[in-house]
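Open your viewer, turn on side chains, and keep the selection box handy. We will go from stop to stop, choosing a few residues each time and looking at what is there.

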Amino acid sequence: MPEPYIRIAVPADEEQLAALDRATWSTLHAVSPPPEGPFFDERHLPEDYLVAEAGGQVLGYVRIARPTRLAANAHVLQIQGLAVADDARGQGLGRALIRAAVEEARGRGARRLSLRVLGHNAPARALYESEGFAVEGVQPQEFFLDGAYVDDVLMGRRV
């Protein structure tokens with residue numbers, strides 16, 4: 001397979017992105033399953049997604065969007081989703097997507113990039129920390145997943 005490259009999503013990616021979302025969903029990293037409807041909608045625009053592609057196959061994505069529509073925090077962008085296909089894991093694709101998200105945020109004029117991660121998702125937390133994100137807050141036992149209470153961890157970094 002050719003070397004993956006990262007680009008902004010286009011509407012034609014919708015089917016592959018929706019399939020990737022369904023295939024990778026678990027309570028390790030998300031509180032609810034992907035919606036049954038379209039992947040893109042008025043709140044989830046193609047330009048909010050960076051996709052990793054190789055040989056015409058979408059192997060992963062990261063979504064970057066504003067956390068609110070308030071003018072007072074227009075300088076902040078937030079990672080609101082990250083997925084890597086099972087057969088593409090362990091090859092540095094998640095790290096490449098995070099780095100691309102930081103660069104994209106910088107290019108869009110953001111000063112900060114934040115994210116939320118479930119407390120029990122140790123691999124993701126370690127990845128984010130290794131890329132300069134720091135824990136900025138914890139909401140203890142914010143979610144009840146698979147019979148256990150799980151913390152919601154807010155992380156962020158300057159871009």
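Start by selecting glutamate 136 and arginine 112, whose side chains meet in a salt bridge, 3.0 Å from N to O. Glutamate 136 belongs to strand β6 and arginine 112 to strand β5, so this pair ties together parts that are 24 residues apart in sequence. Before going further, please keep in mind that this is a predicted model. Are the two partners buried, exposed or partly exposed? Glutamate 136 is partly exposed because its relative accessible area is 41%, and the range for that class runs from 20% to 50%. Arginine 112, at 26% relative accessibility, also counts as partly exposed.

Now colour the strands around this pair. β5 and β7 run antiparallel and are joined by 7 bridges; select leucine 115 and you will find methionine 155 of β7 opposite. On β7 you can also follow the pairing with β6 (residues 134–145), again antiparallel, over 8 bridges. Leucine 145 faces alanine 148 of β7 across that pairing. Zoom in on the turn: β6 and β7 make a hairpin with 2 residues between them, and aspartate 146 in that turn has a positive phi of about 50°.

Next, select helix α2, residues 93–107. Put a distance label on its two end C-alpha atoms and you should read 21 Å; 15 residues at 1.5 Å each should span 21 Å, so the two values agree. Which residues of α2 are buried? They are Leu93, Gly94, Leu97, Ile98, Ala100, Ala101, Val102 and Ala105. Just past the helix, pick out glycine 109, which follows α2 and has a positive phi, near 85°.

Stay on α2 and show arginine 99. The side chain of arginine 99 forms a salt bridge with glutamate 131, at 3.0 Å from N to O. This pair links distant parts of the chain, with arginine 99 in helix α2 and glutamate 131 in the loop between α3 and β6, 32 residues apart. The two ends differ in their surroundings: arginine 99 is partly exposed at 47% relative accessibility, whereas glutamate 131 is buried, with a relative accessible area of 11%.

For another salt bridge, select arginine 7 and glutamate 53, whose closest N and O atoms are 2.6 Å apart. Here too the chain is brought together from distant parts: arginine 7 is in strand β1 (residues 5–8) and glutamate 53 in strand β2, 46 residues apart. Both residues are buried. Add Asp13 to the selection, and you have a network of salt bridges linking Arg7, Asp13 and Glu53. A search of the whole structure finds 10 salt bridges.

Finally, hide the charged side chains and look at the largest nonpolar core, which has 40 residues. Select Leu17, Tyr61, Ile79, Leu113, Tyr128 and Phe133 to see the residues with the most contacts inside this core. Among the elements that give two or more residues to the core are α1 (14–24), β3 (57–65), β4 (76–84) and α3 (122–130). The largest share, 7 residues, comes from α2, the helix you visited earlier. For a close-up, centre on leucine 17: beyond its neighbours within four places in sequence, leucine 17 is in contact with Ala9, Phe39, Phe40, Val51, Val58 and Tyr61.

How values were computed. Residues numbered from 1 in each chain as written. Predicted model: local features only at pLDDT ≥ 70, side-chain atom pairs only at ≥ 80, totals over all residues. Heavy atoms only, no water. Core = buried A, V, L, I, M, F, W, Y, C linked by side-chain atoms within 4.5 Å. Buried < 20%, exposed > 50% of the residue type's maximum accessible area, 1.4 Å probe, protein only. Helix = DSSP H or I, 4+ residues; strand = E, 2+ residues; numbered from the N terminus. Contact = heavy atoms within 4.5 Å. Pairing = 2+ DSSP bridges. Expected span 1.5 Å × (residues − 1). Salt bridge = Lys/Arg side-chain N within 4 Å of Asp/Glu carboxyl O.
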